[in-house]
Amino acid sequence: MSSHREAPDISKDPVADSTDLYAFISPDNPDTVTIIANYIPLQSPDGGPNFFEFGDDVLYEIKIDNNGDGSEDVTYQFNFRSENQIPTTFLYNDGPITSLESTSWNRRQFYTVTRVDSAGRSDVLARNVPCPPCNIGPLSTPNYASLAGAAVRSLGGGRQVFAGQRAEAFFVDLGAIFELGVLRPIAELHATFGLPALAAMPGVNSTAAMNVHSIAIQVPITDVAYRGTAPTNSAAARSCVGIWTTASRRKARVLNGNGDEGVQTGPYVQVSRLGNPLFNEVLVPLSQKDKWNASDPKNDKDYVAGVAHPELSSLLNVLYPGAFTSLAAYTKARADLEAILLTGIPAGVVSPTFSTFTGTTAADMLRLNLAIAPSSSPNPLGVVGGDVAGFPNGRRVTDDVVTIELRALAGATIPLVDKTFTPDAAIADVSDGVSGAGLTLLSSFPYLGTPYSGYSVSAAKATT
């Protein structure tokens, strides 16, 4: 739901479909920023014989705006290429894969990392960096953690990079939310349109035991900060940056009719982007979602109406009669959501020293204050839970963005900008009922955990 299959066209193109974007000050290396862009949604780990991989024909980019105009000032580009090492086999591997150079590993993938500055100057940071294999099982990938660890590579200058399969860390009850807005913990309050009542129950994590493909990069704060200077004042105008990820394809593809990939030509055309979680998913009308994916953040003035008057907010009191009467009576434009998602929150709204404000340009970007240190005791509700190092100040892997944004849509953040508004009591119960409890994460880069094994997940399915 963060951005999984969120638009009609991109749902048919999973290798270019961005699913989640994370950006945070690295907790174990606080002079650096970690950015993780995930692609290829809802991967079943047992998806052989052609296991998941990045698209060789897709340009993946992570973009940073550090002057508040909604345009990129720093870009990290990732280009992939794949090769078959054993042309006579139909298998991904014909024996155990014990290293990134294993001769029994047939289908391998490599990538190039390039940094582009605001003047368009390109600097190739690394070529032919290997991806790890997918996690197949105890025979094919007997020591997967070491394979993935070997794929973490230094880029010099305090930078490191990883690209490959990881365990899905995003948690959400897709089956309930897209069943006409059911929140299982309060399902008994749902109107059900005259159909039989639903029973309250715990949420179901739709992404449990699934994998994604992650592009992760860790760079010094000075790499992305305005004019290359790490800020020290969290309330200052240039302490915050905006971050988003995109995927692009060549403008034209000609098929040769002989089974090969054909010829691709022309400039790259953007087909996917992601800044804040759930933006395109929930706030953009279905008829405009693919257009949004192809546009730039600097043009998001075209989508302000969906933020100022969100459809889901207007539906809550219809779906849960009598539970959101204050919200239903509130007809003003949602200045709180516009600040959170489109401009950043100015200093003084949450506290005198907290800000994610990047300027008045309306742009969907994941904003990160580079002068706010990591929290020693992170709260998954981020700023809403009193933890200013969490979402919407960047986004950490453990942040419960579904609950945060559902509560914001339900009116929890209106008092930040309108003291006359009293939130409905039901807000305290607004949640999809799932959490990040039980996620297996790493304490260091790339932070996302070891992907689920196809063999092990298949065995688990057989016993349930």
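Asn-128 is placed in strand 6, which covers residues 122-130. In this predicted model, Asn-128 has a positive phi of about 55 degrees, although it is not a glycine. Most residues other than glycine have a negative phi, and most peptide bonds are trans. With a relative accessible area of 46%, Asn-128 is partly exposed, because that value falls between the 20% limit for buried residues and the 50% limit for exposed ones.

Ala-209 also departs from the usual sign of phi: its angle is positive, at about 60 degrees, and Ala-209 is not a glycine. The residue is found in the loop between helix 2 (174-177) and strand 9 (211-220). Its relative accessibility of 29% makes Ala-209 partly exposed.

The peptide bonds offer two further features of the backbone. The bond from Gly-48 to Pro-49 is cis, with omega near 5 degrees. Pro-49 belongs to the loop between strand 2 (32-43) and strand 3 (58-65). Another cis bond runs from Phe-445 to Pro-446, where omega is near 10 degrees. Pro-446 has its place in the loop between helix 10 and helix 11.

That loop, which joins helix 10 (401-409) to helix 11 (454-462), also holds Leu-416. At 33% relative accessibility, Leu-416 is partly exposed. Together with Val-350, Val-388 and Val-417, Leu-416 forms a nonpolar patch on the surface. The accessible area of these four residues together is about 250 Å².

From the surface, the account turns to charged side chains. Side chains of opposite charge can pair when their charged atoms come close. The structure has 16 salt bridges. One of them joins Asp-223 to Arg-159, with the closest N and O atoms 2.6 Å apart. This pair links distant parts of the chain, since Asp-223 lies in helix 3 (residues 221-224) and Arg-159 in strand 8 (residues 159-167), 64 residues apart. Both Asp-223 and Arg-159 are buried.

Arg-396 and Asp-399 form another salt bridge, in which the closest N and O atoms are 2.9 Å apart. Both of these residues, Arg-396 and Asp-399, are buried as well. How are the two partners Lys-63 and Glu-72 placed, buried or partly exposed? Their side chains meet in a salt bridge with an N to O distance of 3.6 Å. Lys-63 is buried, because its relative accessible area of 7% is under 20%. Glu-72, by contrast, is partly exposed, with a relative accessibility of 33%. Salt bridges can also connect several residues, and Asp-13, Asp-57 and Arg-249 are linked in a network of this kind.

The last topic is the interior space. The structure holds one cavity of 30 Å³ or more. About 100 Å³ of space lies in the largest cavity. Its lining consists of 15 residues, and those nearest the centre are Phe-52, Glu-53, Tyr-92, Gln-109 and Pro-132. Two elements, strand 5 (107-117) and strand 8, each give two or more residues to this lining. Strand 5 gives the most, with three residues. By class, the lining of the largest cavity is made up of eight nonpolar, four polar and three charged residues.

Key. Residues numbered from 1 in each chain as written. Predicted model: local features only at pLDDT ≥ 70, side-chain atom pairs only at ≥ 80, totals over all residues. Heavy atoms only, no water. Buried < 20%, exposed > 50% of the residue type's maximum accessible area, 1.4 Å probe, protein only. Helix = DSSP H or I, 4+ residues; strand = E, 2+ residues; numbered from the N terminus. 1 Å grid on protein atoms, 1.4 Å probe; cavity = no way out; pocket = protein on both sides within 12 Å on 5 of 7 lines; lining within 4 Å. Points joined across faces, edges and corners; volume = space filled by probe spheres on them. Nonpolar A, V, L, I, M, F, W, Y, C, P; charged D, E, K, R; others polar. Patch = residues over 30% accessible without salt bridge, like charges linked within 9 Å, V, L, I, M, F, W, Y side chains within 5 Å. Areas by Shrake-Rupley, 256 points an atom, 1.4 Å probe, with all protein chains shown as cover.
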